[in-house]
Amino acid sequence: MHRVIGERDLTETRLDGEAARTILRDMVRARRFDERAIALQRRGWMSGYPPFRGQEGSQVGAAHAMAEGDWLAPTYRANAMLLARGVPMTDVLVYRRGREEFHSDHDVPVLPGAVPIATQIPHAAGVGMAMNYTGADDAVVCYFGDGATSEGDFHEGLNFAGVFDAPVLFFCENNGWAISVPEERQTASESIAAKAPAYGMEGVQVDGNDPFAVHEATALSLERVRGGEPVLLESLTYRQGAHTTADDPSRYAPEEPDLPAWRTADPIERTESYLVEQGVVDDGFVESVREDAGEEITAAIEEAESIPPAEPDDVFDYVFAETPRELADQREWLRSFVATHGDVNELDY
Ligand SMILES: Cc1ncc(C[n+]2csc(CCOP(=O)(O)OP(=O)(O)O)c2C)c(N)n1
Ligand SMILES: [Mg+2]
């Protein structure tokens, strides 16, 4: 029913030393971004941030297996994928500060990160169906978490994609948690990949902390997808940090999770030691990438600070063509709040 692609020797993949170095570089770059973003949130620079620490191998490995024209339908957690695809750091930061549009004019095909869980899954099926109508040879990678598989949208999206042969890779990053709900409470299925045959698809599991295995599994799946056969790929990894900066996992997550070590081990340390052993990188590689990434982030923060923050009124736009009465009333209320308090951040949620 499903294959497990475990620890991959580079020789078993289509990657050469240069490609492997790029993957490790993007993992380290993403980690540095994540660390700085958390620090920025702590000093009130943005209202909330969802860290992806521990998931870099899974996200970067998958991103590098995509072709240039492939669409990504991400969530709030997929920022390492966005960065590895080529979205500038400034754009990710500006989005986190409330602006819905990208600031730069990059041409990476990516939908806005979905915060309502699983809503991007039927969207991705629709994008894939549109590709079939236009005859495009592109594919869609739909990223979602383990928790999203309990939503009706998961069923609807996979069902449509299966019936209409939409070129979509359903990339489920199983990080062990949906906020405080552990994966064993998420489903009674033997795995998430095991659900695939119910939609007429192949289901695949991959060791999500091995970026080369993820790259290989994603590349193989995308070949099938481009032939009109959607795939459900489950990447097994672990959320090392909090759900968001508003969460305290010490209240529910055990210090020693009851999962195999390969699930919870650090993907960067593992990849670095493997590549050092293979003679593909030297000892100083990670440190020098960290330094460069630090400079890149500092410049991105400066640029983001020069962009005007979102207007509170923005949250009322873009949903309805004509604003309904209740929403108009709420907008009036918010406008008068801002007029008297000077700042929306004074709101007590
Ligand atoms: C429709 C909907 N219901 C509930 C929530 C609240 N919520 C935010 S994140 C989350 C858990 C999602 O878990 P998972 O899909 O595993 O993604 P992860 O956060 O682990 O990346 C929930 C329930 C939401 N955002 N949208
Ligand atoms: Mg999860």
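A pocket here is an open set of points on a 1 Å grid over the protein atoms alone, where a 1.4 Å probe fits and protein lies on both sides within 12 Å along at least five of seven lines; a molecule sits in one if more than half of its atoms lie within 2 Å of its grid points. By that yardstick, the space taken by ligand 1 is the second largest pocket. The model is a predicted one, with local features needing pLDDT of at least 70 and side-chain atom pairs pLDDT 80 or more, while totals for chains, interfaces and linings use all residues. Residues are numbered from 1 along each chain, chains are lettered from A and ligands numbered from 1 as written, and side-chain values use heavy atoms, leaving out hydrogens and water.

As for the polar contacts (N or O pairs within 3.5 Å), an oxygen of ligand 1 is 3.0 Å from a side-chain N or O atom of Asp146, and a polar side-chain atom of Asn175 lies 2.9 Å from a ligand 1 oxygen.

Asp146 and Asn175 turn up again at the magnesium ion (ligand 2), whose protein donors (N, O and S atoms within 2.8 Å of the metal) are Asp146 (OD), Asn175 (OD1) and Trp177 (O), at 2.1 to 2.2 Å. Along the chain, these donors follow the spacing D-x28-N-x1-W. Asn175 and Trp177 are both buried (under 20% relative accessible area, 1.4 Å probe, protein chains only).

Terms used
A polar contact is a pair of N or O atoms within 3.5 Å; within protein, one must be able to donate a hydrogen and the other to accept it, and residues adjacent in sequence count only if both atoms are side-chain atoms. On a 1 Å grid over the protein atoms alone, a cavity is a set of points where a 1.4 Å probe fits but cannot get out, and a pocket is an open set with protein on both sides within 12 Å along at least five of seven lines; lining residues have an atom within 4 Å of a point. Donors are N, O and S atoms within 2.8 Å of the metal (3.2 Å for Na, K and Ca); water is not among the atoms, so sites may look incomplete. Buried means under 20% relative accessible area, exposed over 50%, partly exposed in between (1.4 Å probe, protein chains only).
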